[in-house]
Every structure is written in structure tokens, then in C-alpha cells.
Amino acid sequence: MRFWRFWLNTFVLYSQYNPPQFIELLMLMVALAMLAISTFIPTQKPYMILGLSLVIGASISILVREAIAPSHQTRITQFTALLLLLVSIYGFADLLQNF
């Protein structure tokens, strides 16, 4: 029980310390789950669309947050967010082409 309480307290403190970053992390975790489901069940296109749109939203949020209040790893964070954004847009273009 202590193990679960430790993780719950960690999530609560992390969400209170930096709420935008916590929401971005949550969005990326849900997107990862949606994209994994769409990989294992290829007939479920809505999961892929939802996952890609969550990645686009999280990456734009990361870019805006870094523009407003830069962190100590600004370049790496911006590069990763731009890479996620480009891959997601490419995924949407591929979906539209095959649709």
C-alpha cells in the first residue's frame, strides 16, 4: 500500500508544481495508448486520429510554453516538440491519402 501511496503523492506533487507540463505528459501518455491500440487493431482508424490529434495538441502546447517561459533545456524540448509535430502532421497526411 505504501508503494501506491508514494506514486499517488508523486503525481499530486508533480501536478501542483508544474500543471501545464503535467497535462502535456498526460496527453502524450493517452496518445501513446491510442496509437498502440491503432497499431494492434489496424481497422480502428478513430484511435489513430485521436492519438495524432493529442500529439499535435501536446506539441503545440510545449512550443507555446517554451516560448513564454524557457526552461534550462529549451533547444532539446523545442526540437522534440517540432519532431513530434512533423511526424503527426505526416501521419494525418498519410491517413488522408489512404482515405
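## A tour from a salt bridge to a surface patch

Start by selecting Glu 24 and Arg 65: their side chains meet in a salt bridge, with N to O at 2.8 Å. Colour the chain by helix and you'll see that this pair links distant parts of it, as Glu 24 sits in helix 2 and Arg 65 in helix 3, 41 residues apart. Keep in mind as you click around that this is a predicted model.

Why pause on this pair? Side chains of opposite charge can pair when their charged atoms come close.

**Check the burial**

Now switch on the surface and look for the two partners. Are they buried or exposed? Glu 24 has a relative accessibility of 2%, so it counts as buried. Arg 65 comes in at 17%, and because the cut-off for buried is under 20%, Arg 65 counts as buried too.

**Add Glu 66**

Keep Arg 65 selected and add Glu 66. Here is another salt bridge, with the closest N and O atoms 3.3 Å apart. Both Arg 65 and Glu 66 are buried. Show Glu 24 again alongside them: salt bridges that share partners join Glu 24, Arg 65 and Glu 66 into one network. And how many salt bridges does the model have by this rule? The count comes to two.

**Step into the pocket**

Next stop, the largest pocket, which has a volume of about 350 Å³. Rolling a probe the size of a water molecule over the atoms shows where empty space is left. There are 17 lining residues, and the ones to select are those closest to the centre: Gln 21, Glu 24, Ile 62, Arg 65 and Thr 77. You've met two of these already: Glu 24 and Arg 65, the salt-bridge pair, are also among the residues closest to the pocket's centre.

Which elements give two or more residues to this lining? Select helix 2 (19-40), helix 3 (45-68) and helix 4 (74-98) to see them. Helix 4 gives the most, with five residues. Colour the lining by residue type and it splits into seven nonpolar, seven polar and three charged residues.

**Finish on the surface**

Last, leave the pocket and select Phe 3, Trp 4, Phe 6, Trp 7 and Phe 11. Together they form a nonpolar patch on the surface, with about 620 Å² of accessible area. Zoom in on Trp 4, which belongs to helix 1 (residues 2-17). Its relative accessible area is 61%, and because exposed means over 50%, Trp 4 counts as exposed.

Notes:
Residues are numbered from 1 along each chain as its sequence is written. This is a predicted model: local features need pLDDT of at least 70, side-chain atom pairs count only at pLDDT 80 or more; totals for chains, interfaces and linings use all residues. Side-chain values use heavy atoms; hydrogens and water are left out. On a 1 Å grid over the protein atoms alone, a cavity is a set of points where a 1.4 Å probe fits but cannot get out, and a pocket is an open set with protein on both sides within 12 Å along at least five of seven lines; lining residues have an atom within 4 Å of a point. Grid points are joined across faces, edges and corners, and a volume is the space filled by probe spheres set on the points. Helices (H or I, at least four residues) and strands (E, at least two) are DSSP runs, numbered from the N terminus. Ala, Val, Leu, Ile, Met, Phe, Trp, Tyr, Cys and Pro count as nonpolar, Asp, Glu, Lys and Arg as charged, and the others, Gly among them, as polar. Patches are made of residues with over 30% relative accessible area and no salt bridge: like charges are joined within 9 Å, nonpolar side chains (Val, Leu, Ile, Met, Phe, Trp, Tyr) within 5 Å. Accessible areas come from the Shrake-Rupley method with a 1.4 Å probe; for residues, only the protein chains shown count as cover. A salt bridge is a side-chain nitrogen of Lys or Arg within 4 Å of a carboxyl oxygen of Asp or Glu. Buried means under 20% relative accessible area, exposed over 50%, partly exposed in between (1.4 Å probe, protein chains only).
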